[in-house]
Amino acid sequence: MDKQTYINMLQDVIQIKSENGNEEAVAKYYQNILKNHGIDSKLIPYSEGRSSLVAEITNGEGRVLALSGHMDVVSSGDESQWTHPPFSGDIEDGLIWGRGASDMKSGLTALVIAFINLKESGQFKGTIRLLATVGEEVGELGSTQLTNLGYLDDVDAVLIGEPCNIGVVHAHKGSLNYKVVSRGVAAHSSTPDLGENAIDHLLTAMTMISERITQQAEEIENPVLGKTFHNITLLSGGSQINSIPDQAMFEANVRTIPEYDNAIVMATVEAVLDELNQTKGVDLEAVITADQPPVEAAPDSQLVLTILQVANSHDSLKPQFLIQQMNDVLGKNMLSEDMASSNLDSVKPMVVSGTTDAAQFVRANANLEVAVYGPGMPSLNHKIDERLPLSQYLDFIEVYQEVIHQYLQ
């Protein structure tokens, strides 16, 4: 394959509307490309129109390295606000436009191409397993399923092509979503004593939960990931202005650390609700809607060190170059105060608050080497006019091939 073929492939997958679903169409596209290069693969059905893709190549004894990325993209929002249609894959002035250009069809397609090229060159020892997942953006559905099915059981290391281009992520906070439902008794607002106000009970629970978690979180800090933080992000209740509400609900997102993890947070929530439910007329229930644990892999694993060595041999992948490239594309300075005070001369290990499929993969192996590193412009992730310089995408194909070759030798 030549560079134009690489670009055509990325255009093709951006044009597939895998917006919070429909990943099977992307999986079948990759499957056909792999078949044309003599590589067998299989679809792992999740639900209607949603299948993950698994493929594997082996060249003798050695380590098992997984390459992973997700095929779903978030909603494009109001498509009329885009400079180029979000599923066009249009190319203009060296940029490719569209939902997923950054997060993360460029990273996944680059991994697929590197996978194919390594198969054809044979420049590796051991096993490379490709895992293209569904539903990462909402629930990490595919990675949960593949982990449960055993596809990570024998894996030594996993390289995830998420858009984290200025550093190699080896650890990130967990992400917990939960909701609290309050059930009351409806009544006319002129006779509130005949009802039970679900909103009042919910507000009491919200205040107590937030205060208790914040107090506990302040006392516990991870030296790498910092502290757990809790945010109430959705609130609903009632049905009519002159009626005592018989139902109300809030939802919250918590970013957790190993020392104050998802289970401890939920134990705190449940303790508050148990206490409040002792009061007559109060009926509160908590439900977990997403549960991704924190990841804390070694910053000096062989995979991370290999990526650092390879990436730092490419000037176009140094943080200072990538930040300037982003500034040029966006027409404004995106250098934060933290970045300005940092040494941007080289790619380094880093941690982030956002979760990835690694949260599920590490359940199979507590000692799994984890590296999250891929092309992208993180400031445009999930936003209108998502786009990416094609040069960065092409650079990562080369870097991935070098990294895999050096890690598996």
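This is a guided tour of one protein chain, moving from the whole fold to single residues.

**Stop 1: the whole chain**

Show the whole chain as a cartoon, and keep in mind that this is a predicted model. You should find 11 helices and 18 strands in its secondary structure. Now turn the view around: the C-alpha trace spans about 75 × 45 × 45 Å along its principal axes. How does the radius of gyration agree with that of a compact globule? With 409 residues, such a globule would have a radius of gyration near 22 Å, and the chain has 23 Å, so the two agree.

Next, switch on a surface. The chain exposes about 17,200 Å², and carbon and sulfur atoms supply 47% of that area. Inside, buried residues make up 53% of the 409 residues. Among contacts with a separation of 6 or more, 80% are between residues 24 or more positions apart.

**Stop 2: a sheet of four strands**

Select residues 174–183, which form strand S9, and add residues 247–256, which form strand S13. These two strands run antiparallel and are joined by 10 bridges. For one pair to look at, find Arg183, which stands opposite Gln247 in S13.

Now add residues 229–237, strand S11. S11 pairs with S13 in the antiparallel sense, over 8 bridges. Two pairs are good to colour here: Leu235 stands opposite Phe250 in S13, and His230 has Val254 of S13 as its bridge partner.

In what order do the strands of this open sheet lie? The order is S11-S13-S9-S14, with antiparallel pairing. At the edges are S11 and strand S14 (284–292), each of which pairs on one side only. Look along the sheet to see the twist, which averages 20° from one strand to the next. While the side chains are shown, a general rule helps: in a regular strand they alternate between the two faces of the sheet.

**Stop 3: helices across the sheet**

Keep the sheet on screen and select residues 198–218, helix H5. H5 lies across S9, S11, S13 and S14, and runs at about 175° to S11. Then select residues 262–276, helix H6. H6 lies across S9, S13 and S14, and its angle to S14 is about 175°.

**Stop 4: helix H1**

Go to residues 3–14, which form helix H1. Why does the distance between its ends make sense? At 1.5 Å a residue, its 12 residues should span 16 Å, and the end C-alpha atoms are 17 Å apart, which agrees. Colour Tyr6, Ile7, Met9, Leu10, Gln11, Val13 and Ile14: these residues of H1 are buried. What covers them includes helix H2 (23–36), strand S4 (91–92), strand S5 (95–97), helix H3 (105–121) and helix H11 (390–407). As a general guide, an α-helix has 3.6 residues a turn, so residues three or four places apart point the same way.

**Stop 5: helix H8 and Val347**

Select residues 319–330, helix H8. Its 12 residues should span 16 Å at 1.5 Å a residue, and its end C-alpha atoms are 16 Å apart, which agrees. The buried residues of H8 include Pro319, Leu322 and Val329. Just after H8 comes Gly331, with a positive phi near 70°.

Now jump to Val347, in the loop between helix H9 (337–340) and strand S16 (348–352). Is Val347 buried or exposed? Its relative accessibility is 3%, so Val347 counts as buried. Beyond its neighbours within four places in sequence, Val347 is in contact with residues including Ile166, Leu308, Pro319 and Tyr373. For contrast, draw a distance to Ala267: 80 residues away along the chain, its C-alpha atom is 39 Å from that of Val347.

**Stop 6: some backbone details**

Most residues other than glycine have a negative phi, and most peptide bonds are trans. With that rule in mind, zoom in on Asp103 and Met104, which are joined by a cis peptide bond with omega about -15°. Met104 lies in the loop between S5 and H3.

Finish in the loop between strand S17 (369–372) and strand S18 (387–389), where you will find His382. Although not a glycine, His382 has a positive phi near 70°. His382 is partly exposed, with a relative accessible area of 43%. Asp385 is also in the loop between S17 and S18, and its phi is positive too, about 65°. Asp385 is buried, with a relative accessible area of 14%.

How values were computed: Residues are numbered from 1 along each chain as its sequence is written. Side-chain values use heavy atoms; hydrogens and water are left out. Two strands pair if DSSP finds at least two bridges between them. Axes are lines fitted to C-alpha atoms, for helices over the stretch in contact, and angles run from 0 to 180 degrees between N-to-C directions. Contact means heavy atoms within 4.5 Å. The expected span of a helix is 1.5 Å times one less than its number of residues. Buried means under 20% relative accessible area, exposed over 50%, partly exposed in between (1.4 Å probe, protein chains only). The radius of gyration is taken over C-alpha atoms; the globule rule is 2.2 Å times the number of residues to the power 0.38. Accessible areas come from the Shrake-Rupley method with a 1.4 Å probe; for residues, only the protein chains shown count as cover.
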